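This report describes part of a protein model for a reader who has not met it before. Please look over the sequence and the structure before reading on.

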Amino acid sequence: MKLDVNGSVHDVDADPATPLLYVLRDNLSLNAARFGCGLGQCGACVVMADGEAIYSCITPISVLEKRKIKTLEGLGTLEKPGPMQRAFIEAQAAQCGYCIPGMMMRAQALLEKTPNASEAEVRSALQPHLCRCGTHTRILHAVARAGELMRGKS
Ligand code: FES
Ligand code: FES
């Protein structure tokens, strides 16, 4: 089946019941999304589909054929990081980093819909995401900064 990921259409040879996370990592070598719980309970695997945050560990590719999937790799590159990536680097918001790609994709989905999201809205959006390292304060700073960058502030 065909999957549109980060603006490129890929022919994927996988069972339609396969969760997107495995296809991203094993078939497409897009390794940003992480396997944490595999149950939709930690947020490590979150990516976007048509602008909405989804748990890739429990979403079969069969329901994604007509949707535009975006992963952290689609937000920018090492040489040219996007606003969300720049903000997380500036804030040094990662410790082990395991939770960070999912956090960033959820925050990206929020800010694309609500560019002026308040801190309360950011906290509420990120509530399903677990971080074992306790970097929550820096993550909140990073998302606030990403909002500024996305609104054109330097
Ligand atoms: S790995 Fe998907 S929510 Fe935990
Ligand atoms: S930075 Fe380690 S789990 Fe969040």
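Which residues of helix 5 are buried? The model is predicted, and in it the buried residues of helix 5 are I139, L140, A142, V143, R145, A146, G147 and L149. They pack against helix 2 (83-91), helix 3 (100-113) and helix 4 (119-126). In an α-helix there are 3.6 residues a turn, so residues three or four places apart point the same way.

Helix 5 covers residues 136-150, which is 15 residues. At 1.5 Å a residue the expected span is 21 Å, and the C-alpha atoms at the ends of helix 5 are 21 Å apart, so the two values agree. Just after helix 5 comes G152, which has a positive phi of about 95°.

**Helix 3 and helix 4**

How do two of the partners of helix 5 lie relative to each other? Helix 3 and helix 4 pack with their axes 10 Å apart and at an angle of about 130°. An angle over 115 but not over 145 degrees falls in the oblique class, and the two helices are therefore oblique to each other. Their crossing is right-handed. On the side of helix 3 the contact is made by M103, R106, A107 and L110, and on the side of helix 4 by E121, V122, A125 and L126. Of the residues in this contact, six are nonpolar, two are charged and none is polar.

**Two single residues**

The table sets out one residue of helix 4 and one of helix 2.

| Residue | Helix | Relative accessibility | Class |
|---|---|---|---|
| A120 | helix 4 | 54% | exposed |
| P83 | helix 2 | 33% | partly exposed |

A120 counts as exposed because its relative accessibility, 54%, is over 50%. Between A120 and L140 there is a distance of 10.0 Å, C-alpha to C-alpha, with the two residues 20 apart in sequence. L140 is one of the buried residues of helix 5.

P83, at 33%, counts as partly exposed, because this value lies between 20% and 50%. Which residues does P83 touch, not counting those up to four places away in sequence? They are A146, L149 and M150. Among these, A146 and L149 are buried residues of helix 5. P83 and A17 are 66 residues apart along the chain, and their C-alpha atoms are separated by 34 Å.

Note on methods: Residues are numbered from 1 along each chain as its sequence is written. Chains are lettered from A and ligands numbered from 1 in the order in which they are written. This is a predicted model: local features need pLDDT of at least 70, side-chain atom pairs count only at pLDDT 80 or more; totals for chains, interfaces and linings use all residues. Side-chain values use heavy atoms; hydrogens and water are left out. Helices (H or I, at least four residues) and strands (E, at least two) are DSSP runs, numbered from the N terminus. The expected span of a helix is 1.5 Å times one less than its number of residues. Buried means under 20% relative accessible area, exposed over 50%, partly exposed in between (1.4 Å probe, protein chains only). Contact means heavy atoms within 4.5 Å. Axes are lines fitted to C-alpha atoms, for helices over the stretch in contact, and angles run from 0 to 180 degrees between N-to-C directions. Angles under 35 degrees count as roughly parallel, over 145 as roughly antiparallel, 65 to 115 as roughly perpendicular and the rest as oblique. A crossing is left-handed if the near helix is turned anticlockwise from the far one by less than a right angle, and right-handed if clockwise. Ala, Val, Leu, Ile, Met, Phe, Trp, Tyr, Cys and Pro count as nonpolar, Asp, Glu, Lys and Arg as charged, and the others, Gly among them, as polar.
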